[in-house]
Protein chains: 6
Amino acid sequence: MLLHLSTWAEIEGFLQRSETVVIPIGSNEQHGPTGLLGTDWLCPEIIAHEAEKQGDILVAPTFNIGMAQHHLDFPGTIALRPSTFMLAIGDWCRSLGHAGFEKLYFLNGHGGNVATIEAAFSELYAEASYAGRKRGFACKLKNWWDLKGVTALANSQFPTGHGSHATPSEIAVTQWAYPQAIKSANYAPQIAPTGPIREATDFRARYADGRMGSDPGQATPEKGGELVRTAAAALLEDVAAFGAEAAPA
Amino acid sequence: MLLHLSTWAEIEGFLQRSETVVIPIGSNEQHGPTGLLGTDWLCPEIIAHEAEKQGDILVAPTFNIGMAQHHLDFPGTIALRPSTFMLAIGDWCRSLGHAGFEKLYFLNGHGGNVATIEAAFSELYAEASYAGRKRGFACKLKNWWDLKGVTALANSQFPTGHGSHATPSEIAVTQWAYPQAIKSANYAPQIAPTGPIREATDFRARYADGRMGSDPGQATPEKGGELVRTAAAALLEDVAAFGAEAAPA
Amino acid sequence: MLLHLSTWAEIEGFLQRSETVVIPIGSNEQHGPTGLLGTDWLCPEIIAHEAEKQGDILVAPTFNIGMAQHHLDFPGTIALRPSTFMLAIGDWCRSLGHAGFEKLYFLNGHGGNVATIEAAFSELYAEASYAGRKRGFACKLKNWWDLKGVTALANSQFPTGHGSHATPSEIAVTQWAYPQAIKSANYAPQIAPTGPIREATDFRARYADGRMGSDPGQATPEKGGELVRTAAAALLEDVAAFGAEAAPA
Amino acid sequence: MLLHLSTWAEIEGFLQRSETVVIPIGSNEQHGPTGLLGTDWLCPEIIAHEAEKQGDILVAPTFNIGMAQHHLDFPGTIALRPSTFMLAIGDWCRSLGHAGFEKLYFLNGHGGNVATIEAAFSELYAEASYAGRKRGFACKLKNWWDLKGVTALANSQFPTGHGSHATPSEIAVTQWAYPQAIKSANYAPQIAPTGPIREATDFRARYADGRMGSDPGQATPEKGGELVRTAAAALLEDVAAFGAEAAPA
Amino acid sequence: MLLHLSTWAEIEGFLQRSETVVIPIGSNEQHGPTGLLGTDWLCPEIIAHEAEKQGDILVAPTFNIGMAQHHLDFPGTIALRPSTFMLAIGDWCRSLGHAGFEKLYFLNGHGGNVATIEAAFSELYAEASYAGRKRGFACKLKNWWDLKGVTALANSQFPTGHGSHATPSEIAVTQWAYPQAIKSANYAPQIAPTGPIREATDFRARYADGRMGSDPGQATPEKGGELVRTAAAALLEDVAAFGAEAAPA
Amino acid sequence: MLLHLSTWAEIEGFLQRSETVVIPIGSNEQHGPTGLLGTDWLCPEIIAHEAEKQGDILVAPTFNIGMAQHHLDFPGTIALRPSTFMLAIGDWCRSLGHAGFEKLYFLNGHGGNVATIEAAFSELYAEASYAGRKRGFACKLKNWWDLKGVTALANSQFPTGHGSHATPSEIAVTQWAYPQAIKSANYAPQIAPTGPIREATDFRARYADGRMGSDPGQATPEKGGELVRTAAAALLEDVAAFGAEAAPA
């Protein structure tokens, strides 16, 4: 079920059979000369929606803006400060927890989100810990490329030039889902440099076209389709395992 | 152009010819027994995307969660506290302003958002005012039903039972766009009661099935299509006027 | 009763017969060449204190600083950021609610306050909604010019040049109450221009003497007295109605 | 001059001859069986307004709500959390500093405010210190009872039973200014107990009628008048000295 | 017991016989040409650890960074904004209170901390007061120089040139504890000037070498030892008294 | 150099030859039946102080409280909420950056800190990114067990039962530095269970004595000494490399 295409009564019904909800989460940020600005939120959305066609999971609307401050010098990037991001994640979780969901599964599409999302979970737990009570829900973060089989597949598809930002694997996923939005460019150099991530002016000075360590020219819609199918199947499994996990006595 | 299906370089190019961006904004909240939880963010997204097909505007990703605390006792609702909502709007605007956009046009789909969005704009302006500098961008909020011709059309389509929440007009818009997700129910009473909006428990006690003053049973996809076409045309005009507005000397 | 001229024991006594309190709220901000800086908090204070002489209502101290960031380039303006304003309103309401007041009636004197006050109310309700409990009090905002009969009277007094800031009606109210502080000036133009409200430098560039759309030269203490009497009577009625409103079963 | 009864142009004129502004600040809180809830903001207002009649000082509107959390179990108390109070003081100061005031003199009427006001000043200075720039204005806090001669006079008027809350001196000041609101009660014991100040339930358990160490029965309007005259004269001197203080080279 | 060298089970045991914990708190900031940057947190730590050898008290880790914004133009200073400081103190107290400590005794080494620490305590109490519940723990702030006998001793040791920052007494305490880190310099003038404390640039312009009113050249390790012994003995007494204090009935 | 045992003038001197500062950072939290509550801040402090004896590095005071909300049900734990922790880290960094340090190296002793520290760095960078300016300093986080050679050594010392909390390696480090505080206990089971980390009540229910996956009984002071020597040497190298890293052109 897609939560946003359901009624509240249908969600009430779903809660009778499951207390788990999947939230695609990403970022809207530059992805080099050919990557879509939406890449990092489109990927988990594409995968979660594909999984939803195959299994009885509930998928929330996509949390489409994340921690992308370092990309702000490339237009089209929209970023939340970590502190804002944490508050927003907190309100999403409190809302879903209030409704009765006990397992909140975030399928993430942006490496730069990880630290802040984990900090947001701790903030939510801390609220309960100081008060000496149970939180009532558990949160889990999973990057789509960490789903079983996905990185292995990507490594076999792109043995060199995968890199860490504007990677051929994520671009392939969007090419499969949005073939009408496939872009091309000459990459110079073919494989982008890599290094540390700091403030936006530093980032643009280091990474002239926005890529980090990647050669996105290797992406094809077909490879994207393979990745999506692998990820969607693994997602169903992983969500089921999380949903089945029992609380301590 | 849809921002999330564009590259940063394409946005850089767009900024050469326009400094205006349209941001659909809404809420994910219960909409009565037959309305989709996504109704309030889907409507402005549907209208903005329709307009984008007809005119040279840039549409940002949809801001899909808003001020919906009063609906929290109906499952599926996801709400931001006003304070969180303001911070998030602030970061969206700062990001877009940083990129060079000078006119930020929010097409809103949820009446409950209006006060907080306006407060968020004032917070952004205040930041500049205390510092004695220009803000660099102007913000505008427009509810889709306030676009020229829309309310008149809705009044003619639904002379009674339009109401203020889970209205037949907004449900018609989603029916036109998502015909596969049309729901039905018996409404009792046919036209829902109305009254004040306070905390969630108060809300659910007053409005048993979530509707306020409305009879959504009148919605049809055809009426939705008429509304979308009227709104999309008016949006193009309104965005153009906002973009053309000059700053004071 | 004026709360600040009462003892806590007298308030305890008042609470035996009423759980409603009236809070005049406004702003301290420039009001053109002849309007008092205090206009927007003086008007609701004047009206509430006049009503208090005629009926058994309890009037709290005046909340005299509001959302006036756009006026900051005119000296004498004191403004709260919306986020600060919301926190302060929140603490006022929590304090009064803690004492047992269940109906908090804000009589407002500044249009620019409306969005932020409404957002503050929602923030307070949200606190209860996420916690799944009742808030314990209800908040109501009423602009003094929206009290029954007031706008109609102002329209008849000032058929042209009423405008929206530094209006002849609000200035008349202060002239009636503070005749020793009546100011005069030549207005050029007689009726000020109008337009959007943004940051302070933008505001001062658009509205050279601070007025928006108004000709305050039409104000007289007599007209002010008529407005105060009409507003005070309507206030008593409106407060009584709010106090009588029952919570849902 | 009273700022709120002036126009912005008059303030612009005042700034030509002085960059100092006096802000009465206090609290609205229980003051025992006979003290007015407004005592702590009325006293500095009364004194500042009296001084304003005698010297060329500018008096801002009164900051009438302060740090009174410990009094919340007595109805009529309105309190700001320290964090809220600091933000509000910050915005007042930024507003006045933006207008060109370089010396912000807070005349305080509530001992419980002192720590938070000083912390608020440090927060304002810190903003400049981290940025490596000048703050542009200096803040000063003075309790009215610390004005030259006042405590000596109060000691001579009330050699025993002055206490620290609901004191005869502060009540005398309000009796002088608001003779129509003089209250009486039997005090038992005549001199109230004293001790620590903690949360509101602890406070009410320790101090049954709200007084701390005081016998307010000794207050008279005449003694209040003496206190006001002494304080007003000293205030003019102290404000002048603060205004004359030069910044370091 | 030193908390950080204990196990949680040992703390559980300690709580069986005492609910009081001592927290040394200070600041890391410039202390003139010869004072250690750590002076203000080392002094309370030295005294508390000395007392711990002589009596059965529990000493928490040292809170080593405080409110030192005015010293930021001297390198080595590390400062928390008051708002940050308050939040951190709040979390320390909530943690210790959650564990069952009912008396939190802060031994402070920095005058500039006092206002903010007191405001932090009020913030903690306010949290309980608005909620209408008991806080569960009481907080006490004591400056080490306010412990019984300490200021009298310092006055006899340093009849002139004690001053208020980089004082010979605090430097003597660190000399006694860290003889390997005794520094020397020519002081010009021998006794430093004094005046107000504002932002960092103002502070450095007024106080060229960082001292305020002091002649630290009088410090010796022997005088420091006397101060430590006096303070440690008084601390044990004061902590015992605080621990023995009963809550109101 | 130890910053807290230096004068500001000595730091000014150090800045002539290096712009790098090392900040030990950890947490004060339960470490099982035999681990010290201070383990996680003592370990990086021990290692950094050991390195400081061997190389010309500057070591700041230890940031001794971190993100430990999950341990709050074991007494002696002191935790900062992630949001508080981020603000405090921010103020430390701004202070040191203001002084001229361009490389801030955090040596971390607590895995639970990682996400929040990284989020804090991003918050600091974001401040600069939205403003379109350089941050002026770079931040680096290194866990002491990730220093070159340390984990390999620990694996050889403790091939089984190392675990992730209250590990024999961290306990060995504190045993080496604080032999007077070595504790013993019977562990049951010898190797503790492992699992997820959530709120405090959940944690204590899962991990009865506080350990996660570890058998701390294998710790000896000798092994601790080996770890410290390896880590200290690697720290000097790693700090030098970070200090030598050039900014992009």
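Let's start in chain B, where helix H2 (residues 39-54) packs against helix H8 (residues 221-244) at an angle of about 65 degrees, their axes 8 Å apart. Keep in mind that this is a predicted model. If you look at how the pair crosses, the crossing of H2(B) and H8(B) is right-handed. On the H2(B) side, the residues making the contact are B:Ile46, B:Ile47, B:Ala48, B:Glu50, B:Ala51 and B:Gln54, and H8(B) answers with B:Val228, B:Ala231, B:Ala232, B:Leu235 and B:Leu236. Sort those residues by character and you get nine nonpolar, one polar and one charged.

Now step back from the helices and look at how chain B sits with chain A. Here 52 residues of chain A are in contact with 52 residues of chain B. Together the two chains bury about 4100 Å² between them, and carbon and sulfur atoms give 64% of that area. On the chain A side, three residues stand out: A:Leu5, A:Trp8 and A:Pro75 supply 18% of the area that chain A buries against chain B, more than any other three residues.

How are these two chains arranged? In general, two copies of a chain are related by a rotation about an axis and a shift along it. For this pair, turning chain A by 180 degrees, with 0.0 Å of shift along the axis, superposes it on chain B with an RMSD of 0.0 Å. The two copies are therefore related as by a two-fold rotation axis. Both copies also use the same surface, since 100% of the contact residues of chain A recur in chain B.

Some other pairs of chains stay apart. Chain A and chain D have no contact joining them, and their closest C-alpha atoms lie 18 Å apart. Chain B and chain E don't touch either, with 18 Å between their nearest C-alpha atoms.

Over in chain D, find D:Leu124, which belongs to helix H4 (residues 114-131). Is this leucine buried or exposed? D:Leu124 has a relative accessible area of 1%, and since anything under 20% counts as buried, D:Leu124 is buried. Leaving aside its neighbours within four places in sequence, you'll find it in contact with D:Gly90, D:Cys93, D:Arg94, D:Arg135, D:Phe137 and D:Cys139. For a sense of distance within the chain, pick out D:Thr220: it is 96 residues away from D:Leu124 along the chain, and their C-alpha atoms are separated by 40 Å.

While you're in chain D, have a look at the backbone around D:Pro189, in the loop between helix H6 (168-177) and helix H7 (200-206). The peptide bond leading from D:Ala188 to D:Pro189 is cis, with omega near 0 degrees. In chain E, E:Pro189 is found in the loop between helix H6 (168-177) and helix H7 (200-206). The bond from E:Ala188 to E:Pro189 is cis too, with omega near -5 degrees.

One more backbone detail is waiting in chain E, at E:Ala166, in the loop between helix H5 (150-157) and H6. Phi of E:Ala166 is near 60 degrees, a positive value in a residue other than glycine. E:Ala166 is buried, with a relative accessible area of 0%. Finish in chain F, where F:Ala166 lies in the loop between helix H5 (150-157) and helix H6 (168-177). Its phi is also positive, near 60 degrees, and F:Ala166 is buried at a relative accessible area of 0%.

How values were computed. Residues numbered from 1 in each chain as written. Chains lettered and ligands numbered in written order. Predicted model: local features only at pLDDT ≥ 70, side-chain atom pairs only at ≥ 80, totals over all residues. Heavy atoms only, no water. Helix = DSSP H or I, 4+ residues; strand = E, 2+ residues; numbered from the N terminus. Buried < 20%, exposed > 50% of the residue type's maximum accessible area, 1.4 Å probe, protein only. Contact = heavy atoms within 4.5 Å. Least-squares fit on C-alpha atoms with pLDDT ≥ 70 in both. Axes fitted to C-alpha atoms, helices over the stretch in contact; angles between N-to-C directions. Left-handed = near helix turned anticlockwise from the far one by under 90°. Nonpolar A, V, L, I, M, F, W, Y, C, P; charged D, E, K, R; others polar. Buried area = accessible area lost by both parts, 1.4 Å probe.
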